[in-house]
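Q: I have a model open and would like to talk through its metal site and its pocket. Could you start with whatever term I need for the burial of residues?

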Amino acid sequence: MSTPELFDTHAHLHFPDFVDDLPAVLERARAAGVARLLTIGTDVATSEAAIALAAREAGVWASVGIHPHDAAEADDAALAVIERLAGSPRVVAIGEIGLDFFRNLSPRETQERTLRWLLALARRVGKPVLIHCRDAHAETLAILDDGHVGEVGGIMHCFSGDVAIARRCLDLGLTISLAGPVTYPNARALPEVARFVPADRLVVETDCPYLPPQGHRGQRNEPAYLVITAARVAELRGETLDAMAARLSANACGLLGIP
Ligand SMILES: [Zn+2]
Ligand SMILES: [Zn+2]
């Protein structure tokens, strides 16, 4: 049996969850075909950690950003650091950034102001955005539209909307990323979304250590499990896993500017 060629477009490998066994986690990822990974910053400290990891691990790239949960902590000094980090050679995207009106850990106005600022930064440095959006699709898409997100493109990470929302994201020039929830028995609109998104606008991710796919729920998620999510998406689309995985990896490389 051949191994699919996968790109985990959203992982938090530098989080404390992996501190004890990251080499083994990466070995299992590579054995499962996950040759490339993007490790995602959520504040200044984790953005710096993401860059440090990408600098020492082949096949790992970094993104820098302020998660909406952390927006309240991000003062001007923090944003200035993110701007400086955004120019690092292994940084291929600005994220994760966005709005989360489900948990509302930062005030909404602060989340919105931070998202606008970081989207403008992405346009200044010419790198795509990685968008976290929970219970805030209308507000997020309005800000992305207003901020001309199409000029840099980006990924709607862990997409949680329906086909109508997916269509609006595609119209803005965004790519859709499916994560573990597409494998759940209660996947709601996600199977339909998996069938709907055009082949050149789709990627997959783990969001590890969060959101493990079916069969690993309740455990720590890790990149090797991406194959479960990818296999489910391929099944829903009526494609072979190998062909679909290769194309999704090419989509990610093209968007992120990875050769
Ligand atoms: Zn997120
Ligand atoms: Zn994340």
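A: A residue counts as buried when its relative accessible area is under 20%, and please keep in mind that this is a predicted model.

Q: Okay, is Glu96 buried or exposed by that cut-off?
A: Glu96 has 2% relative accessibility, so this residue counts as buried.

Q: And which residues coordinate the zinc ion (ligand 2)?
A: The donors are His10 through NE2, His12 through NE2, Glu96 through OE and Asp207 through OD, at 2.1 to 2.5 Å. Along the chain these donors follow the spacing H-x1-H-x83-E-x110-D. Glu96 and Asp207 link distant parts of the chain, since Glu96 is in strand E4 whereas Asp207 is in the loop between strand E8 (202-204) and helix H8 (226-237), 111 residues apart.

Q: What about the burial of Asp207?
A: Asp207 counts as buried because its relative accessibility is 8%.

Q: Why is the arrangement around the zinc ion (ligand 2) irregular?
A: The four donor atoms subtend angles of 88 to 176 degrees, and tetrahedral would need all angles between 85 and 135 degrees, so the arrangement is irregular.

Q: How far apart are the two zinc ions, ligand 2 and ligand 1?
A: They are 3.4 Å apart, and Glu96 coordinates both.

Q: Switching topic, what is the volume of the largest pocket?
A: The largest pocket holds about 830 Å³ of space. It is lined by 34 residues, of which His132, Arg134, Cys158, Ser160 and Leu211 are the closest to its centre.

Q: Which classes make up that lining?
A: The lining has 14 nonpolar, ten polar and ten charged residues, and its largest share, three residues, comes from strand E5.

Methods:
Residues are numbered from 1 along each chain as its sequence is written. Chains are lettered from A and ligands numbered from 1 in the order in which they are written. This is a predicted model: local features need pLDDT of at least 70, side-chain atom pairs count only at pLDDT 80 or more; totals for chains, interfaces and linings use all residues. Side-chain values use heavy atoms; hydrogens and water are left out. On a 1 Å grid over the protein atoms alone, a cavity is a set of points where a 1.4 Å probe fits but cannot get out, and a pocket is an open set with protein on both sides within 12 Å along at least five of seven lines; lining residues have an atom within 4 Å of a point. Grid points are joined across faces, edges and corners, and a volume is the space filled by probe spheres set on the points. Helices (H or I, at least four residues) and strands (E, at least two) are DSSP runs, numbered from the N terminus. Ala, Val, Leu, Ile, Met, Phe, Trp, Tyr, Cys and Pro count as nonpolar, Asp, Glu, Lys and Arg as charged, and the others, Gly among them, as polar. Donors are N, O and S atoms within 2.8 Å of the metal (3.2 Å for Na, K and Ca); water is not among the atoms, so sites may look incomplete. Four donors count as tetrahedral if all angles lie between 85 and 135 degrees; four count as square planar and six as octahedral if opposite donors are over 155 degrees apart and all others between 65 and 115; anything else is irregular. Buried means under 20% relative accessible area, exposed over 50%, partly exposed in between (1.4 Å probe, protein chains only).
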